[in-house]
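Work through the exercises below with the sequence and the coordinates at hand. Each task is followed by a worked solution.

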Amino acid sequence: MKNLKKADPQIYTIIKREEKRQKEGIELIASENYVSKAVLEAMGSVLTNKYSEGYPGKRYYGGNEIIDQAESLAIERAKKLFGAEHVNVQPLSGSPANLAVYMALLKPGDKVLGLSLDQGGHLSHGHPLNFSGLLYAIIPYFVDKKTERINMDEVEKIALREKPKMILAGFSAYPRSMEWKRFKQIADKVGVLTGSLTYTFADIAHIAGLIAAGLIESPVPYFDVVSTTTHKTLRGPRGAIIICKAEFAKAIDRAVFPGVQGGPHDHINAAKAVAFGEALKPSFKKYGVQVIKNAKALAGALQKRGYRIISGGTDNHLMLVDVFGSKGITGKEAEHALELVGISINKNMIPYDPRKPLDPSGIRLGTPAITTRGTKEKHMETVAEFIDQALVNKDSEVKLKKVAKQVKSFSLKFPLP
């Protein structure tokens with residue numbers, strides 16, 4: 001067979017252009033990272049040729065003896081990594097994983113208490129156009145207007161009033177730690193009132209790597225079910241897993257297959273196993289420590305330049321920056337200006353944002369990818385200066401080109417894995 005360059009030069013060229021973009025730019029999107037060559041190799045392996053409906057030892061197709069070994073290894077490594085009783089490694093991505101959790105534990109119309117999307121939650125936590133909002137009665141909780149942090153006393157008041165069937169703790173844009181134990185205590189109080197179990201569900205997609213490294217408290221000891229993507233801070237392939245107590249294992253597995261999905265992506269499951277193996281090594285904890293150090297340093301450097309950081313800082317890998325309130329620049333304008341100089345970020349609503357989602361007041365920044373490339377706290381000062389210069393000079397083509405050259409020169413000093 002021909003290699004890609006000969007078989008499809010158009011796609012080959014596009015891939016090489018994207019590789020060049022990644023090498024020459026600064027990646028600050030909080031949900032992105034760079035995988036190792038070993039993970040890439042597993043993703044591009046012959047395992048993609050196999051079809052494996054079912055689970056290890058219980059397949060609907062023959063020829064899965066070796067595939068079973070790969071999936072079982074991924075499961076065992078994930079269980080060890082998170083101290084889990086049961087893990088399903090088959091979910092194709094975060095939203096299908098969350099759909100499977102809902103399907104396993106709830107009936108359509110059941111109440112779910114979750115963090116509002118415009119306060120840092122996720123689409124699959126109850127957006128009205130998402131399956132979660134369409135199928136379930138979503139009750140939102142919010143951050144405090146003054147502190148911009150989740151007020152657990154308010155969460156408890158809402159929960160005791162609404163009596164949800166499930167309490168969901170998780171986020172896509174919340175820079176502070178979650179009080180897992182308190183969420184569980186609230187769920188237990190609701191359970192006493194209703195006389196039935198109120199499920200606890202944690203979505204740790206953004207912070208799974210930091211939890212695996214032991215740097216952020218884990219919900220696994222407290223919660224019934226935990227979902228996570230396997231990219232972001234976990235630095236694996238795009239995909240997801242579901243962690244749960246043993247008593248929910250059968251329901252979760254049945255919801256994933258045949259409930260939500262057909263055959264798993266065996267090449268991705270193998271890549272997950274590789275990533276879990278990497279995360280079990282001491283070097284991964286060092287990486288996680290640096291991710292948080294870099295996030296704090298970047299937030300501090302931006303504050304020195306007059307930017308308001310939501311909640312005053314960060315406990316994890318991400319931060320929200322109020323660019324409109326700080327500099328009169330909209331999130332959309334900031335995203336565009338930074339893209340022109342080779343810095344990738346995403347516009348993002350801030351709590352109680354007066355602006356619309358497609359052109360909000362804020363931007364979201366994260367340090368997982370840039371840390372993978374080897375940057376330290378001292379480099380965050382340089383990155384903050386690039387950001388500031390790009391935003392201040394967003395209307396000057398000449399000055400933006402100058403910043404773009406500086407960004408390229410800086411980025412090439414830190415090779416991709």
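**Exercise 1.** Which residues does His-379 touch, not counting residues up to four places away in sequence?

Solution. The model is a predicted one. Start by locating the residue: His-379 is found in helix H16, which spans residues 377-392. Next, list its contacts beyond the sequence neighbours: these are Phe-410 and Phe-414. Finally, classify its exposure: the relative accessible area of His-379 is 16%, and buried means under 20%, so His-379 is buried.

**Exercise 2.** Determine how the buried and exposed residues of helix H7 are arranged, and describe its two ends.

Solution.
1. Helix H7 covers residues 152-162, and its buried residues are Met-152, Val-155, Glu-156, Ile-158 and Ala-159.
2. Viewed down the axis of H7, the buried residues fall within an arc of 165°, so they line one face of the helix.
3. The face turned away from the buried side of H7 carries exposed Lys-157 and Arg-161.
4. The packing partners of the buried residues are strands E5 (111-115), E6 (137-141) and E7 (166-170), together with helix H8 (180-194).
5. At the start of H7, a side-chain oxygen of Asn-151 comes to within 3.0 Å of the backbone nitrogen of Asp-153.
6. After H7 comes Lys-163, with a positive phi near 50°.

**Exercise 3.** How many residues does the largest nonpolar core have, and what does Ile-204 touch?

Solution. The largest nonpolar core has 52 residues, and Ile-204 is one of those with the most contacts inside it. Leaving out residues up to four places away in sequence, Ile-204 touches Phe-82, Trp-180, Ile-211, Pro-219, Val-226, Ser-227 and Thr-228. Another core, of 34 residues, lies apart from the largest one and includes Val-323 and Phe-414.

Terms used:
Residues are numbered from 1 along each chain as its sequence is written. This is a predicted model: local features need pLDDT of at least 70, side-chain atom pairs count only at pLDDT 80 or more; totals for chains, interfaces and linings use all residues. Side-chain values use heavy atoms; hydrogens and water are left out. A nonpolar core is a set of buried Ala, Val, Leu, Ile, Met, Phe, Trp, Tyr and Cys residues joined through side-chain atoms within 4.5 Å. Buried means under 20% relative accessible area, exposed over 50%, partly exposed in between (1.4 Å probe, protein chains only). Contact means heavy atoms within 4.5 Å. Helices (H or I, at least four residues) and strands (E, at least two) are DSSP runs, numbered from the N terminus. The arc is that of the directions from the helix axis to the C-beta atoms. A polar contact is a pair of N or O atoms within 3.5 Å; within protein, one must be able to donate a hydrogen and the other to accept it, and residues adjacent in sequence count only if both atoms are side-chain atoms.
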